[in-house]
Amino acid sequence: MHDICQNPEVSEKRLGMSVEQASGTIPIFMRDQLPLSLRRICNPRVSSVRSWWQTVMTPKPPGPPDGGWGWVVAAAAFAVNGLSYGLLRSLGLALPDLAEHFDRSAQDTAWVSALALAMQQAASPVGSALSTRWGARPVVMVGGVLTSLGFVLSAFARSLLHLYLGLGLLAGAGWALVFAPALGTLSRYFSRRRVLAVGLALTGNGVSSLLLAPALQFLLDAFGWRGALLLLGAVTLHLTPCGALLRPLSLPGDPEAPPLNPLAALGLGLFKRQAFSVFALGTALIGGGYFVPYVHLAPHALDRGLGGYGAALVVAMAAVGDSGARLVCGWLADQGWVPLPRLLALFGALTGLGLLAVGLVPAVGSEDDWGGPLLAAAGAYGLSAGSYAPLVFGVLPGLVGIGGVVQATGLVMMLMSLGGLLGPPLSGFLRDETGNFTASFLVCGSFILSGSFIYLGLPRALPSCRPTSPPATPPPERGELLPVPQVALPPPGGPHSTLDTTC
């Protein structure tokens, strides 16, 4: 006779029921008359031990670890963001020196930062595709070498064209290989705390600006722009060890083999999703104004009468607000109290209003004035822009699924580059025509407000006509963001009349 405890499948066939059912249906007084094998399964102690053993040996469903090595990846992404966007934001302090040295206009020198920003974002899908094919680790390490090389070669520039090629194209291409793979890898390591982890990584932007803005001004005063660029080349080489920390992670939904078709590797098929297309249009419009302060906030402060260190303080104030808001907004978004698309539209609109406030600040009386109104406006802009940043990347897994988040990150960067290429040169052109940056910030703020209005077309960006339940934890990974359940409308004044039911 087969031992039923050792062969539960056989026992189920012979008893017509599961082992657990058998142990609960046979009366106690009859158990002593059963064969030894049946008496063993009827023993509650043996049954409970077997159940415990089955529970222990049952593998947990695979998914994002939501911690562990993910925090190391978050630290690496923090450094990557600081040495890319944070450095790019502070680089505006060197533009007046470049304009003076080469005797060129603000519009001409603005193309240095604009090309670097546009290249970094336009080529991000290439970085994502290479990461999908070869892994994020080697791609980010190569990108760090290219970025450092671009700064070192630019230190020996003899014309603006050399800076366009060195900082704009070479360093920009290196940044394109580091940011999207690092942030996409981070999103794969988290589920329940994804927006918080992304917000933590994106604080590298503000912290780096806070540290690099006064440091770069000191380097410019002490060594000139050539020495400053040479030292920045050594600093950006630290992107390479950051890439070494990006450990690969396999998750459900990943393709069995990397796509061989270049178009498939770039993820262009994601545009077939209506929600992602709406998101892409709004993001492209916001990119037209979002990066103008990265390039022209410091020159705008100088135009308003502040000295070099006063302008650096304005940049640092925006960086402080930016950094704190990214963490707070990341935590808030993970609570599920407000849908992510609604938060995205709200903080996008506040960012546009913050840029309008920065442009309308009056000039100060002297260079010794610290410019209180401009500091307040820059801080308000930093809070709004910092709240917007983690939401842009945190909403992607709900739109495209966890398997396409790396490719979607690259496409988002490319879309923002369309505006990033237009915004700073347009801002410089308006400054040359009007004599100040007021019109520049007003126009670019209008771009951001327009993109925020487009976001209202995303799922759950507006209150629906049905009562909605809080989002599941972790959020769904099927590719559509939190579909609204089909629930009948309650009668007016019913028990759910205070829920999200406004049309």
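Arg431 has a relative accessibility of 24%, so it counts as partly exposed. In this predicted model, the side chain of Arg431 meets that of Asp303 in a salt bridge, with N and O 3.0 Å apart. This pair links distant parts of the chain: Asp303 belongs to helix α16 (residues 292-303) and Arg431 to helix α21 (residues 405-434), with their positions 128 residues apart. Asp303 is partly exposed too, because its relative accessibility is 31%.

How many salt bridges does a search of the whole structure find? There are three. Side chains of opposite charge can pair when their charged atoms come close. Another of these pairs joins Arg326 to Asp322, whose closest N and O atoms are 2.3 Å apart. Both residues sit in helix α17 (residues 308-334), four residues apart, or about one turn of the helix. Are Arg326 and Asp322 buried or exposed? Both are buried.

The side chains of Asp108 and Arg104 also form a salt bridge, at 3.3 Å from N to O. Asp108 has 23% relative accessibility and therefore counts as partly exposed, and Arg104, at 41%, counts as partly exposed as well.

Let's step along to Asp103, which you will find in the loop between α7 (95-102) and α8 (106-122). With a relative accessibility of 69%, Asp103 counts as exposed. Its backbone is worth a look: phi of Asp103 is near 55°, a positive value in a residue other than glycine. Most residues other than glycine have a negative phi.

Now turn to Ser128, in helix α9 (residues 124-134). Ser128 has just 1% relative accessibility, so it counts as buried. Which residues does Ser128 contact, leaving aside its neighbours within four places in sequence? They are Ala180, Val406, Gln407 and Gly410. Ala180 is 52 residues away along the chain, yet its C-alpha atom and that of Ser128 are separated by 6.2 Å. The side chain of Ser128 has a polar atom 3.0 Å from the backbone oxygen of Val406, and a polar atom of that side chain lies 3.4 Å from the backbone nitrogen of Gly410.

Finally, look at the largest nonpolar core, which has 112 residues. Those with the most contacts inside this core include Phe151, Leu186, Leu229 and Phe393. Helix α12 (residues 194-236) gives the most to the core, with 14 residues. To explore from one of these residues, try Leu186: beyond its neighbours within four places in sequence, Leu186 is in contact with Gly70, Val73, Ala74, Ala77, Ala197, Val198 and Ala201.

Key
Residues are numbered from 1 along each chain as its sequence is written. This is a predicted model: local features need pLDDT of at least 70, side-chain atom pairs count only at pLDDT 80 or more; totals for chains, interfaces and linings use all residues. Side-chain values use heavy atoms; hydrogens and water are left out. A nonpolar core is a set of buried Ala, Val, Leu, Ile, Met, Phe, Trp, Tyr and Cys residues joined through side-chain atoms within 4.5 Å. Buried means under 20% relative accessible area, exposed over 50%, partly exposed in between (1.4 Å probe, protein chains only). Helices (H or I, at least four residues) and strands (E, at least two) are DSSP runs, numbered from the N terminus. Contact means heavy atoms within 4.5 Å. A polar contact is a pair of N or O atoms within 3.5 Å; within protein, one must be able to donate a hydrogen and the other to accept it, and residues adjacent in sequence count only if both atoms are side-chain atoms. A salt bridge is a side-chain nitrogen of Lys or Arg within 4 Å of a carboxyl oxygen of Asp or Glu.
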